[in-house]
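Here are my notes on this entry, set out as numbered points on the ligand site and on one pair of strands. Please read them with the coordinates open.

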Amino acid sequence: MVLRSGSHNIPVVLSIAGFDPSSGAGITADIKTIAAHKCYGVTCITSLTVQSTRGVRSVEPIEGRVITETLEELTSDLQVAAIKIGMLGSSEAARAVAGFLKRHQPRNVVLDPVLKSSSGADLISAEGLKILQQRLIAMALVITPNAEEAGTLTGKKVSTPQEMEAAALRLRTMGARNVIVTGGHLDPPREVLSLESRRDLVTLLGTSVHTRSTHGTGCVFSTSLACRIAMGKNLPEAAKGAKSYVESALKKAPLVGRGVGPVV
Ligand code: PLP
């Protein structure tokens, strides 16, 4: 029997995100996650960061024109099954991505509205935040803010499970079709889902994993979710799968660097 390579189909997942040279978050963490899900990852870098496990030192935006050309080039060539959007870094990047989504109207878009690093650095400008709130949120299939991001997006502090629920509903009224507010800071950790397909909220409870390797948890969750959607799972199934993927990644996280280590 002759085996021909290049003859099997593999779901293509596009990550539009920032570059973290320590590979804990951003594009390179996404590529590792996509490969672990047996999908094929392609990328569009929105910004470079200078960072290590010890924190983010600076952010260098990529020109909007380069982002637009990258997205047009990739999507004119490949059939993309799902898109994950992470750190945008600048209003120019946010505008370029919004323009691309408006032109192509892709169905399976997971938007992780990355605003700040856990070390406290701003990962988007005030103008970029407005574009997220006013344009991008409504163009995604699902958005995955953590409690703090949900707070900034809605303008109200979010920390408790009740505040997470209120924020999920508020984000729906702001135009989001489906919302998953992640609460990895809680014990037990929980996700609150507000879905267009059901009237009641859904809560997923997890188990706390004690580790100092938590850098990139949000990136890995949203990318795992995008991969599962690319493989045809519905949103509740994909969210459950992504949650347990992050939990097992945290349990196996390698000890790398002197700061907050990578989750994958
Ligand atoms: N750097 C990049 C490129 C990111 O995309 C993100 C988060 O999405 C971060 C840093 C922040 O990661 P953390 O919240 O784990 O510090």
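1. A residue is taken to be near a molecule when one of its heavy atoms lies within 4 Å of that molecule. The model under review is a predicted one, and 13 residues are found around the ligand, of which Gln 51, Ser 118, His 215, Gly 216 and Cys 219 come nearest.

2. The shell around the ligand is of mixed character, with five nonpolar residues, seven polar residues and one charged residue.

3. Two side chains make polar contacts with the ligand: Gln 51 places a polar side-chain atom 2.7 Å from a ligand nitrogen atom, while an N or O atom in the side chain of Ser 118 is 2.6 Å from a ligand oxygen atom. Gly 216 contributes through its backbone, where a polar atom lies 2.9 Å from an oxygen atom of the ligand. Of the 390 Å² of accessible area that the ligand has on its own, the protein covers 89%.

4. Turning to the strands, E7 spans residues 179-183 and is mostly covered, with five of its five residues buried. The cover extends to both faces of E7, since Val 179, Val 181 and Gly 183 on one side are buried, as are Ile 180 and Thr 182 on the other.

5. Which strand is joined to E7 by five bridges? The partner is E8, residues 190-194, and the two strands run antiparallel. Gly 183 of E7 stands opposite Arg 190 in E8, and the two strands form a hairpin with six residues between them.

Terms used
Residues are numbered from 1 along each chain as its sequence is written. This is a predicted model: local features need pLDDT of at least 70, side-chain atom pairs count only at pLDDT 80 or more; totals for chains, interfaces and linings use all residues. Side-chain values use heavy atoms; hydrogens and water are left out. Buried means under 20% relative accessible area, exposed over 50%, partly exposed in between (1.4 Å probe, protein chains only). Helices (H or I, at least four residues) and strands (E, at least two) are DSSP runs, numbered from the N terminus. Two strands pair if DSSP finds at least two bridges between them. A polar contact is a pair of N or O atoms within 3.5 Å; within protein, one must be able to donate a hydrogen and the other to accept it, and residues adjacent in sequence count only if both atoms are side-chain atoms. Accessible areas come from the Shrake-Rupley method with a 1.4 Å probe; for residues, only the protein chains shown count as cover. Ala, Val, Leu, Ile, Met, Phe, Trp, Tyr, Cys and Pro count as nonpolar, Asp, Glu, Lys and Arg as charged, and the others, Gly among them, as polar.
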